[in-house]
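Work through the following exercises with the sequence and the model side by side. Each task is followed by a solution that goes step by step.

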Amino acid sequence: MQTLSVVVPCYNEQAGLHQLFSQLRQLRKILGDSYALDVVFVDDGSTDMTFEMLSKFKNEFASKGGPVAPVAPVAVTICRHSFNKNLGAALKTGLATVKGDLVATVDADCTYPLTDIPKLLELLDKETDIAIA
């Protein structure tokens with residue numbers, strides 16, 4: 001089974017994290033047992049409750065006994081910058097942390113629906129290394 005890593009840079013995202021968490025739950029259901037999921041959050045020096053909310057979600061989402069029982073393995077990692085280093089550094093940190101065979105980067109504010117990731121995965125084959133949308 002391949003592992004899909006999803007890197008999510010976060011900076012003061014407290015207000016929108018519930019939408020992100022909801023979409024990650026939906027993505028988990030859509031992927032079913034096709035892919036293991038490795039979610040890497042990078043808290044880029046947030047000064048609001050972002051880190052605390054990510055930590056709570058991590059405990060619920062990755063736990064088999066929590067409200068979201070995964071079909072395939074799920075890992076959640078939270079990296080934390082002590083101050084805001086901006087998007088490029090947050091992506092670099094996240095990409096250095098992933099464990100997956102495939103990697104998607106997404107915006108914490110869900111600019112694009114996470115449920116579109118499987119459509120991108122369908123475009124990958126032996127001759128295609130990257131799909132960008």
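**Exercise 1. The pocket lining**

Which helices and strands each supply at least two residues of the lining of the largest pocket?

Solution. Two remarks on the basis come beforehand. This is a predicted model, in which local features need pLDDT of at least 70 and side-chain atom pairs count only at pLDDT 80 or more, whereas totals for chains, interfaces and linings use all residues. Residues are numbered from 1 along each chain as its sequence is written, and side-chain values use heavy atoms, with hydrogens and water left out.

Step 1 fixes the terms. On a 1 Å grid over the protein atoms alone, a pocket is an open set of points with protein on both sides within 12 Å along at least five of seven lines, as opposed to a cavity, where a 1.4 Å probe fits but cannot get out, and lining residues have an atom within 4 Å of a point. Helices (H or I, at least four residues) and strands (E, at least two) are DSSP runs, numbered from the N terminus.

Step 2 gives the elements: β1 (2-10), α3 (87-97), β4 (102-105) and α4 (117-123) each supply at least two lining residues.

Step 3 adds the volume, about 710 Å³ for the largest pocket, where a volume is the space filled by probe spheres set on grid points that are joined across faces, edges and corners. The lining of this largest pocket has 25 residues, and the closest to the centre are A104, T105, L120, A131 and A133.

Step 4 sorts the lining by character: 19 residues are nonpolar, two polar and four charged, with Ala, Val, Leu, Ile, Met, Phe, Trp, Tyr, Cys and Pro counted as nonpolar, Asp, Glu, Lys and Arg as charged, and the others, Gly among them, as polar.

**Exercise 2. The sheet**

Establish the strand order of the open sheet, and then locate bridge partners along it.

Solution. Step 1: the four strands follow the order β3-β2-β1-β4 with parallel pairing, two strands being paired if DSSP finds at least two bridges between them. The edges are formed by β3 (74-81) and β4, each of which pairs on one side only, and from one strand to the next the twist averages 20 degrees.

Step 2 goes through the pairs. β2 (residues 35-44) is parallel to β3 over eight bridges, and within β3 the partner of V40 is T77. Nine bridges join the parallel strands β1 and β2, where P9 has V42 as its bridge partner in β2. On its other pairing, β1 is joined to β4 by four bridges, again in parallel, and V6 stands opposite A104 in β4.

Step 3 considers burial, for which buried means under 20% relative accessible area, exposed over 50%, and partly exposed in between (1.4 Å probe, protein chains only). Eight of the nine residues of β1 are buried. In β4, L102 and A104 make up a covered face, while V103 and T105 make up an uncovered one. As background, side chains in a regular strand alternate between the two faces of the sheet.

**Exercise 3. The cysteines**

How many disulfides does the structure hold?

Solution. Step 1: the criterion is a pair of cysteine sulfur atoms within 2.5 Å, and the structure holds zero such pairs.

Step 2 examines individual residues. For C10, the nearest cysteine sulfur is that of C110, 9.8 Å away. The sulfur of C79 has its closest cysteine sulfur in C10, at 11 Å, and so is too far for a bond.

Step 3 asks about exposure. C10 counts as buried because its relative accessibility is 1%, and C79 is likewise buried, with a relative accessible area of 13%.

**Exercise 4. Positive phi in two loops**

Where are N12 and C110 found, and what is the phi of each?

Solution. Step 1 recalls the background: most residues other than glycine have a negative phi.

Step 2: N12 is found in the loop between β1 and α1, has a positive phi near 50 degrees, and is partly exposed at 29% relative accessible area.

Step 3: C110 is found in the loop between β4 and α4, has a positive phi of about 55 degrees although it is not a glycine, and is buried, with a relative accessible area of 8%.

Terms used
Axes are lines fitted to C-alpha atoms, for helices over the stretch in contact, and angles run from 0 to 180 degrees between N-to-C directions.
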